[in-house]
Amino acid sequence: MLFADAYSRVEAQASELGNYHRKFLFFVSKTKNKLLQRLETEGVYDQVHLRTPAVDLAAEMDVIRSVSQDSKETLDFLGCYFAIQLLHMKLRTLSVMTMELTAGKPRIDAYRSFLLSVGDRFEQLTSIYMEKLLDIFIAPEDRPEFVVFNCGTKADQDDIDIGVVDDGSNKRKALNRAIAKLIREMIRRASPLHLYLSEHVGSMSYTASIDEYEELLETGIHDFIIINEMIGATPSFGSAALFGEFQQRVTHRYYFDPDADNRFHEGFLRGILGEIRSLVIAGVKQDRINPKNDGVRLLKACVSVGKTIFQIESANPWKILDALRIQDRDREATYAQIDEALSYLETVRHLYQLYAAQEEEICFDVAGTRENLQSVAKAMGYRDRGFITASDHLLIHYSETIERAKTAAEHFLRDVTMQLKAMSSLTTMLSRGRLKRTPSDSGAGNLALEVMKALEFFKGTRFWDDLLEPFDRKDGIVLKRWTSDLMLLEPATRAETIARYIDWGIYSPLTFTRFLLILGKTKRRRGEASLFEEFNTAFLSKLAESQDPGGSMARIFNHYPELVNRYLMALREKDIEQFEGLLETPLWDEELNEVRQHLLHLCDLHHRYSRYFRRFFHRVVTKYPQYIPVLHDPAKLRQIAQGSMSNIDTMSTHKESMEKMGEYFDLEFFRLGQQTLQGYPLPAIDREFIEFSDTYLTNLFDVCKQEVKESLDHPVRTQDLLGVFATGGHARHQAFDDDYDLVVLLDSDDAEILDFSARVLTRVNREITKRGIMPHFRFADYFGSFVTCFSQLHDFLTEEREDRFIDQCQLLEARMIVGSQHLQKEFERRIVKRYIFDRQEQYIPDMVRELKSRHDHAKPGGDEQLNFKECTGGLRDIEMLLLIYKARYRLLAPIGKELFYTLERMFPDYAREFQVLKRALDFTKQARYLYRLSASADDSFVVDSLGTTATAMDFTHEDGSGDVWAMKSAFKMITWEAYEVIQKLLLNDALVDPVG
């Protein structure tokens, strides 16, 4: 077959690959005819494989050099040959994988073989090509002794990671000039070279000597990525002896040796285990995949750890895994999981770069992505099935593979942590036996300084679980000794030591946050800030100077929300404000920026609202920390709360049922508190608050009743004669009261039923109190029991007392929560009708006198009027007037929207007045709710504390802050209008018979 025909076939097949390959097709089309002519003229055409993959790349490149007439032609011919062989290599390995999949070979095995083949072939091709290019750019006599090694993934073709070690002689400058030319030629005709190691080591641009590597690394652990690249190095070309010396003097120090100093190995483990943890907790984005960041880096990091622990020389991850299965059989299953996941993800990554673009990130919203993924999926053996495309199957398996990869890495991380703890120098330093000596004992050093010295050697690493564990022991030996030694230092030395700890901790905010919480256990000396506060202030200041303070804390919160919440709970208000400053700048990553906003919301919850509201917030995050990530989402909170209530019947004990009900109550209270602060409509707040409160009380009563029944020797039936009524604010559908006014009535004088009912209510009282709500059982003080019999209430209401109207008010607005319709009707007939409706000629004058007495003593505009409930025209006035109407016209509807509509229909001439009262009632209720949640659970308010209330009610300055004086003015105006309406309705004819 002629080369033209063979190349036409290659060209046609390569046209299905990504645009990246057009560069190589262009080089071939531009130069191939001239190369063919020259080879034929020189009679060596048969010595160079152009139609098929080469047999001896080095020899064939030498032939091509021999027929070139000048250096430019040599570079053109070698570049053309490299491009032809690269295309052959890619198409051949793809064909082999397709054949193996068609023949029924397991997919993972086919993927693994494909990656091994393409990696070895690509490394061989590029190494020989680079060596021949360097032969052009520098003569042998001008070179120092040197070696070029590959320190990246063999199959990576978007760039090639290399390192260059020289002998440090005077000839290194000439070598650096030659490598600069090599870099330019590789960018032009092959793949860009990335010399990450040389950028950080030595004084030359592209090379470094072994002495320079040792000088950099001897002082401590610096960039573990550099170390990881060195450990994975394989020689490409150059001096084998020099590479062997490089291994002995540099890379082998990071391998575990039971008979040697393992500080360098420990430092490498600390660095790479920190990287593994961060990759395990990193989330996968919804709108894209990134095989390298999602899983490949994580899995290769695990392989590197195994390589150094078991002293495996191979750099190929699959060959390392084969060796690990033999040497570490206890983790054989974990290695198998890592192998399969790595093979799958690297195949997806490599094929996408082959078919689409040399990019790591695959974004679904970019045109052509789905088509490219479909090509990748079909190459991997997937097929369309009905409506499910091959790429859909690929993405499903991709997601499952990421989960398996992270699970395997987590198991591996736990195992290696135990090994690190066993061999760490810190383990001996912090042993109990050593620390039982006092600081004054002979030979006992200062622990704070000793630990600091050890940490500084590992500066820049992020894995410190083994350090935190002894500090956090229950016996407190390590923490006490470390603390006392720190306090023994001279003030200047102590300040310097703390600064050094901060410099260490800034590299791992996660570890240092944990360390701070441990420090929070230390006792504060009188007149001094605690060690926690001292370290924390310095830490936050240092963190603010870092490049990405908001991003680092958002990432920690995203994966350790309970830890960050405990940290915030330990902070003073000014500390939280300093912490919030770290989060001010929006982040470029949309998902992480959303996490940042959720963290800011958590900060608000910790210090911007009233103690009353924070009491419920703290209980939610302390007892149910699993819900911290969704605190910002009312819909999810409601779903969780309802789930808790629906699970009551599945609980095995009454105690568990009550705990579930408590969870329901706390979550619903917290949810509605947040929504109120965010401007949720008042009617919805009232409706949902009463709905969940009634649900809680009803279910609580049932469980307590069942618990008492089971404790008795014989059954006792209340025969639907017991009822629980809400009165006060809860009866009026009023939210966020800090107490429950309850009336419990029993339509029987049976002593056994009364005792049974009292026992039930005792348990109800206990559980309500646990929620931070004080239950007030009306008439309990009079009769010495939570339960009042109808007969007792009859006697009580017939007594002549000046304050009887107060009890009549409570009964008039009572709303049944637990009980039968029959009992409700009996209550209305025998209590409300007989002792309120039928005695209104006595009740109403008492109420009017009380109202006038309140107004006679009022001082409009005075500070005592800054009270939502008791001010002139406030909640109390409005409620008392409405109770008068209820008694006068025998109305049973609770105070609220329905009652106002009824009165407006009854008194059309006074519809505007009732609308004024309703508006005043709603305004004052909303302001009261907001103030209780944001400032204080008091009815009296301080104007300067109205900021959040004013903002939520749209009284704001131009900058968006709350205009408290505008809020106060509106409150005074609307309550005064209500007062004038009340006066008018009391003094005029509104209490005569209504129209119709």
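Gln311 sits in the loop between helix 12 and helix 13 (317-327), with helices (H or I, at least four residues) and strands (E, at least two) taken as DSSP runs numbered from the N terminus. Phi of Gln311 is near 55 degrees, a positive value in a residue that isn't glycine. Heads-up: this is a predicted model, so local features need pLDDT of at least 70 and side-chain atom pairs count only at pLDDT 80 or more, while totals for chains, interfaces and linings use all residues. Residues are numbered from 1 along each chain as its sequence is written, and side-chain values use heavy atoms, with hydrogens and water left out.

**Positive phi in loops**

- Most residues other than glycine have a negative phi.
- Gln311 comes just after helix 12, and it counts as partly exposed because its relative accessible area is 42% (buried is under 20% relative accessible area, exposed over 50%, partly exposed in between, with a 1.4 Å probe and protein chains only).
- His733 is another non-glycine with a positive phi, about 60 degrees.
- You'll find His733 in the loop between strand 8 (722-727) and strand 9 (739-746), and at 32% relative accessibility it is partly exposed.
- Gly43, which follows helix 2, has a positive phi near 70 degrees.

**Single helices: span, bend and burial**

- Helix 12 (residues 291-309) has 19 residues, so at 1.5 Å a residue it should span 27 Å, and the 26 Å between its end C-alpha atoms agrees (the expected span is 1.5 Å times one less than the number of residues).
- There is a bend of about 30 degrees in helix 12 at Arg297, where the bend is the angle between axes fitted to the seven residues ending there and the seven starting there.
- Helix 12 is mostly covered, with 16 of its 19 residues buried.
- Helix 2 (residues 22-41) runs for 20 residues and reaches 29 Å from first C-alpha to last, close to the expected 28 Å.
- At Thr31, helix 2 bends by about 50 degrees, and Thr31 is itself one of the buried residues of helix 2, which also include Phe24, Leu25, Phe27 and Val28.
- Helix 43 (residues 964-987) has 24 residues and reaches 34 Å from its first C-alpha to its last, close to the 34 Å expected.
- Among the buried residues of helix 43 are Val964, Met967, Phe971, Ile974 and Tyr979.
- The buried residues of helix 43 pack against helix 38 (840-856), helix 39, helix 41 and helix 42 (947-952), with contact meaning heavy atoms within 4.5 Å.

**Helix pairs**

- Helix 5 (residues 107-137) and helix 14 (residues 332-355) have axes that come within 9 Å and cross at roughly 60 degrees (axes are lines fitted to C-alpha atoms, for helices over the stretch in contact, and angles run from 0 to 180 degrees between N-to-C directions).
- That makes helix 5 oblique to helix 14, given that angles under 35 degrees count as roughly parallel, over 145 as roughly antiparallel, 65 to 115 as roughly perpendicular and the rest as oblique.
- Helix 5 passes helix 14 in a left-handed crossing (left-handed if the near helix is turned anticlockwise from the far one by less than a right angle, right-handed if clockwise).
- Residues of helix 5 in this contact include Ile108, Tyr111, Arg112 and Phe114, meeting helix 14 residues that include Asp339, Glu340, Tyr344 and His350.
- Helix 39 (residues 875-888) packs on helix 41 (residues 911-934) at about 135 degrees, axes 10 Å apart, so the two are oblique to each other.
- The crossing of helix 39 and helix 41 is left-handed, and Leu875, Ile878, Leu881 and Tyr885 in helix 39 meet helix 41 residues including Phe914, Leu917 and Arg928.
- Helix 29 (residues 611-623) and helix 31 (residues 654-677) have axes that come within 9 Å and cross at roughly 130 degrees, so this pair is oblique too.
- Helix 29 and helix 31 make a left-handed crossing.
- The contact involves, among others, Tyr612, Phe613 and Phe616 of helix 29 and Phe665, Phe669 and Leu677 of helix 31.

**Phe237**

- Phe237 is in strand 5 (residues 234-238) and is buried, with a relative accessible area of 7%.
- Leaving out residues up to four places away in sequence, Phe237 touches Ser127, Met130, Glu131, Leu134, Phe146, Val147 and Val148.
- Phe237 and Leu677 are 440 residues apart in sequence and 69 Å apart in space, C-alpha to C-alpha.
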